Amino acid sequence: MTTDTGLMPVKPPWLDPLGIDASVVHPCRGMDNEHPCASEGPPPYPYAGPEAMRKPIDDALRRVVDPEVAMTIVDVGLVYGVTAHEGRVHVQVTMTSAACPVTDLILEEVQTELAHATPADTQIDVELVWEPPWSTDRMSARAKAFMGW
Amino acid sequence: MRGRAASRHRAFSVVARSLLVLAIAVALVAGIAGGLLRAGVGLPAQAAGSWLGQAVLAHAFLMIGAFLGTVIGIERAVAVKQPLAFVAPLSSGLSGLLMLAGATSAAAWLSVVAALAFVAVNTLVVVRQRAAHTALLLAAALAWLAGNGLHALGGPAEAVVPWWFGFLVLTIVAERLEMTRLMRRRRGAAPALFGLVGALLAGCVASALTLRWAGALYGASLLGLAAWLLSFDIARRTIKAHGLSRYMAGCLLLGYLWLAVSGVAWAAASLGQPTRDTALHALALGFVFSMMLGHAPVILPAVAGVKLQFGWVFYAPLALLHASLVVRLLLAPSQPALLAPGAAANAVAIVLFAATVLGSALAWRWSHSSTA
């Protein structure tokens with residue numbers, strides 16, 4: 001999997017007069033702290049691996065946003081678990097629907113973000129799982145607040 | 001052996017892709033040209049030949065079946081990751097080309113084949129995930145099959161068109177229902193939705209039987225679905241986000257308002273009011289195309305591998321589409337002279353959107369090649 005350098009892309013000003021760009025700017029930028037993306041605290045999925053890797057990996061996963069729901073995959077509860085061990089990161093991710101055409105894009109973005117956040121020779125495995133099926137119990141408290149629960 | 005099979009597969013895939021792109025582009029351009037002529041807009045190529053005459057006659061077939069049916073068929077085939085699933089969009093795409101070539105009967109029956117294949121694909125989706133939203137996707141496919149079947153058997157437009165729109169409306173409702181899972185379900189929301197879908201399908205059946213109250217029932221169910229979506233869709237929440245998410249939510253909410261307008265106009269038209277154009281195009285352009293404008297930035301990367309640089313420029317075609325719909329659909333019924341300029345501005349909005357997508361795809365490539 002190749003990734004780019006992570007530099008801010010140069011944008012043609014005629015396309016982006018106000019500087020909004022979903023591919024580099026979080027869609028939730030500027031939200032008040034009621035918004036799920038302001039969420040701090042322990043990751044809501046099992047993590048096994050070196051403590052030093054926990055935050056960079058969690059931050060990377062929280063940069064993967066499903067624009068349809070305007071929330072990160074961590075807050076929606078799509079991340080089922082992370083193992084980091086001897087140069088290998090293994091992530092289990094689910095989707096809310098089997099008829100979702102953007103599944104591959106989200107998996108690709110997880111791969112890209114983790115590649116940015118880990119040492120260059122890290123092997124990254126993103127696994128799509130369907131069991132147990134996703135339910136709203138997996139949403140973070142702030143995700144639920146954002147959705148009006 | 002394996003190498004030869006792989007290269008044969010690749011060659012087939014290239015041919016299939018090219019055919020799909022060609023069929024979609026031709027259906028869209030011809031469909032729009034036919035629509036403009038119907039609305040009384042003079043086109044410079046008016047004497048260009050018989051295909052334009054076919055485009056006028058088969059405007060709905062081209063826009064709903066050959067264009068949107070093919071796009072939706074590709075989207076579903078990509079989701080199920082099953083090469084045979086592409087039989088549906090290839091058939092519907094080809095049916096549009098046949099229709100323009102004047103082979104109307106072959107085109108109509110090929111669209112039946114497309115819908116049958118699409119029903120099979122959606123059955124597979126239901127087998128994989130038994131849920132209310134997948135059942136609705138299958139119901140949408142069956143509505144398309146009913147419409148295409150009636151059309152092939154020579155049914156009148158009044159009987160066919162409600163099924164065709166039923167296909168589009170149910171597809172969108174199914175996809176939105178899946179999203180509403182993130183909201184807390186109000187008691188009664190699910191039964192209300194199933195009741196409205198049942199009323200819509202009953203309206204389709206009643207229209208096919210040319211019952212007098214059919215249009216009123218169909219219109220009332222569209223209005224009810226609009227109210228349901230405005231009440232329960234996550235767009236009411238995501239409109240408070242930023243960037244692409246807010247843009248998508250804006251497209252959705254504006255679309256729901258037009259769905260409500262269409263419901264009222266549909267019922268009014270069945271009672272003899274001059275609102276038929278408003279009923280049809282509030283649904284097709286206000287609701288369905290607005291949805292398409294909203295989802296293209298996430299669907300195109302998924303189905304075509306084309307990434308887009310999102311920016312404020314996407315709001316320009318959206319604003320033009322909705323402003324021109326106000327002129328055409330709300331003002332033209334009382335001032336008929338506004339129909340043609342309104343329809344022309346609708347078409348300009350679609351062309352502007354296509355240009356925006358092209359420009360933003362080039363911008364993405366340019367920005368990513370300059371930093372790689």
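**A walk through chains A and B**

Start by selecting chain A, which has four helices and six strands. Keep in mind as you click around that this is a predicted model. Going along the sequence, the pattern in chain A reads β-α-β-β-α-β-β-α-β-α. Colour by burial and you'll find that 36% of the 149 residues of chain A count as buried. If you have a contact map handy, look at contacts with a separation of 6 or more: residues 24 or more positions apart account for 68% of them in chain A.

Next, pick out the sheet in chain A. It is an open sheet of four strands with mixed pairing, in the order β1-β4-β5-β6. Which strands stand at the edges? Select 47-48 and 123-128 of chain A: these are β1 and β6, each with a single partner strand, so one side of each has no neighbour in the sheet. Now add residues 79-85 of chain A, strand β4, which runs parallel to β1(A) and is joined to it by two bridges. For a spot to zoom in on, A:A48 sits opposite A:T83 in β4(A).

Then bring in the helices that cover this sheet. Show residues 51-62 of chain A: this is helix α1, lying across β1, β4 and β5 (88-93) of chain A at about 140° to β4(A). Add residues 103-117 of chain A for helix α3, which packs on the sheet and touches β5 and β6 of chain A, its direction making about 155° with that of β6(A).

Time to hop over to chain B. Select residues 132-152 and 189-208 there, helices α6 and α8; their axes come within 12 Å and cross at roughly 5°. That crossing makes α6(B) roughly parallel to α8(B). Switch on side chains to see who meets whom: B:A132, B:L136, B:A139, B:A143 and B:L150 from α6(B) face B:A190, B:V197, B:C204 and B:A208 from α8(B). By class, that contact has nine nonpolar, no polar and no charged residues.

Just along the chain is B:P156, in the loop between α6 and α7 (157-179) of chain B. Is B:P156 buried or exposed? It has 12 C-beta neighbours inside 10 Å, so B:P156 counts as exposed. Try a distance label too: the C-alpha atoms of B:P156 and B:I72 are 25 Å apart, with their positions 84 residues apart along the chain.

Last stop: residues 214-232 of chain B, helix α9. At 1.5 Å a residue, its 19 residues should span 27 Å, and its end C-alpha atoms are indeed 27 Å apart. Of those 19 residues 14 are buried, so α9(B) is largely enclosed by the rest of the structure.

Technical notes. Residues are numbered from 1 along each chain as its sequence is written. Chains are lettered from A and ligands numbered from 1 in the order in which they are written. This is a predicted model: local features need pLDDT of at least 70, side-chain atom pairs count only at pLDDT 80 or more; totals for chains, interfaces and linings use all residues. The expected span of a helix is 1.5 Å times one less than its number of residues. A residue is buried if 20 or more other C-beta atoms lie within 10 Å of its own, exposed if 12 or fewer, and partly exposed in between; C-beta atoms are placed from the backbone. Axes are lines fitted to C-alpha atoms, for helices over the stretch in contact, and angles run from 0 to 180 degrees between N-to-C directions. Angles under 35 degrees count as roughly parallel, over 145 as roughly antiparallel, 65 to 115 as roughly perpendicular and the rest as oblique. Two residues are in contact if their C-beta atoms, placed from the backbone, lie within 7 Å. Ala, Val, Leu, Ile, Met, Phe, Trp, Tyr, Cys and Pro count as nonpolar, Asp, Glu, Lys and Arg as charged, and the others, Gly among them, as polar. Two strands pair if DSSP finds at least two bridges between them.
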